[in-house]
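Please open the structure in a viewer that can select residues by number and colour them separately. The tour below proceeds by selections, each followed by a description of what is to be found there.

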Amino acid sequence: EMESRCDAEVRTALSRDLPHLEVEFVHPGWGANWGRSLSALRPRIDRADCLVLSRYIRTMLGRALRATEKPWVACTGRGRRAVEASLRRAADVAAGVRG
């Protein structure tokens with residue numbers, strides 16, 4: 001997973017500007033059983049204020065995540081900058097939802 005290489009850098013950069021933000025990265029991989037991945041993600045989804053969905057997510061898993069009641073933000077770019085920008089947008093969305 002090339003995208004997972006930048007997790008620590010993104011977390012460090014965001015913690016400087018948004019110390020209240022809690023980020024949890026999940027890289028489910030490309031296995032065919034997306035339903036099992038969704039089941040494993042349920043507790044994390046329930047705790048989340050907003051989801052960020054990568055362009056590299058399996059199609060049906062992405063559809064299932066978008067169908068949850070949680071707001072979501074798409075990460076359509078590649079690399080650290082795109083991930084960081086998407087997480088910043090998600091923080092703004094979550095702040096708006098929480099009021």
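Begin by selecting Glu84, and show the residues around it. Leaving aside neighbours within four places in sequence, Glu84 is in contact with Val10, Ala13 and Leu14. The model on display is a predicted one. Glu84 belongs to helix α4, and because its relative accessible area is 11%, under the 20% limit, it counts as buried.

**The largest core**

Next, select Leu14, one of the residues that Glu84 touches. Not counting residues up to four places away in sequence, Leu14 touches Pro19, Leu21, Val23, Glu84, Leu87 and Arg88. Now extend the selection to Cys6, Val10, Leu14, Leu18, Val23, Phe25, Cys75, Ala82, Val83, Leu87 and Ala91: these eleven residues make up the largest nonpolar core. Two elements, α1 (7-17) and α4 (79-98), each give two or more residues to this core. The largest contribution, four residues, comes from α4. Another core, of nine residues, lies apart from it and has Leu38, Leu41, Ile45 and Leu65 among its members.

**Along helix α4**

Remain on α4 and select Arg80, which is found in this helix. Is Arg80 buried or partly exposed? Its relative accessibility is 32%, so Arg80 counts as partly exposed. Beyond its neighbours within four places in sequence, Arg80 is in contact with Cys6, Glu9 and Val10. For a longer view, display Arg58 as well: the two residues are 22 apart along the chain, and their C-alpha atoms are separated by 20 Å.

Move next to Ser86, also placed in helix α4. Ser86 counts as buried because its relative accessibility is 1%. Which residues does Ser86 contact, leaving aside its neighbours within four places in sequence? They are Val52, Val73, Ala74 and Cys75. These contacts lead to the strands, which are the next stop.

**The two strands**

Select residues 51-54, strand β1, together with residues 72-75, strand β2; the two run parallel and are joined by four bridges. To follow the pairing, find Val52, whose bridge partner in β2 is Val73. Then find Ser54, which stands opposite Cys75 in β2.

Colour the two faces of each strand separately. In a regular strand the side chains alternate between the two faces of the sheet. In β1, Leu51 and Leu53 form the covered face, whereas Val52 and Ser54 form the uncovered one. In β2, the covered face consists of Val73 and Cys75, and the uncovered face of Trp72 and Ala74. Cys75 has been met before, as one of the residues of the largest nonpolar core.

Now add residues 59-66, helix α3, to the selection: β1, α3 and β2 make a right-handed β-α-β unit.

**The loop after β2**

Select Gly77, in the loop between β2 and α4. Gly77 counts as partly exposed because its relative accessibility is 24%. Apart from neighbours within four places in sequence, its contacts are Arg55 and Ala82. Leu53 lies 24 residues from Gly77 in sequence, and the C-alpha atoms of the two are 11 Å apart in space.

**Helix α2**

Finally, select residues 34-47, helix α2. What span should the 14 residues of this helix have? At 1.5 Å a residue they should span 20 Å, and the end C-alpha atoms are 20 Å apart, which agrees. Within α2, look at Leu41, where a kink of about 45° lies shortly before the proline Pro43.

Show Leu38, Leu41 and Ile45, which are buried in α2. An α-helix has 3.6 residues a turn, so residues three or four places apart point the same way. The buried residues of α2 pack against α3. Leu38, Leu41 and Ile45 are also among the residues of the nine-residue core.

The last selection is Trp34, found in α2. Trp34 counts as partly exposed because its relative accessibility is 28%. Leaving aside its neighbours within four places in sequence, Trp34 is in contact with Met60, Leu61 and Ala64. To close the tour, display Ala8 together with Trp34: 26 residues separate them along the chain, and their C-alpha atoms are 25 Å apart.

Methods
Residues numbered from 1 in each chain as written. Predicted model: local features only at pLDDT ≥ 70, side-chain atom pairs only at ≥ 80, totals over all residues. Heavy atoms only, no water. Core = buried A, V, L, I, M, F, W, Y, C linked by side-chain atoms within 4.5 Å. Buried < 20%, exposed > 50% of the residue type's maximum accessible area, 1.4 Å probe, protein only. Contact = heavy atoms within 4.5 Å. Pairing = 2+ DSSP bridges. Right-handed = clockwise from strand over helix to strand, strands pointing away. Expected span 1.5 Å × (residues − 1). Bend = angle between axes of the 7 residues up to and from the residue.
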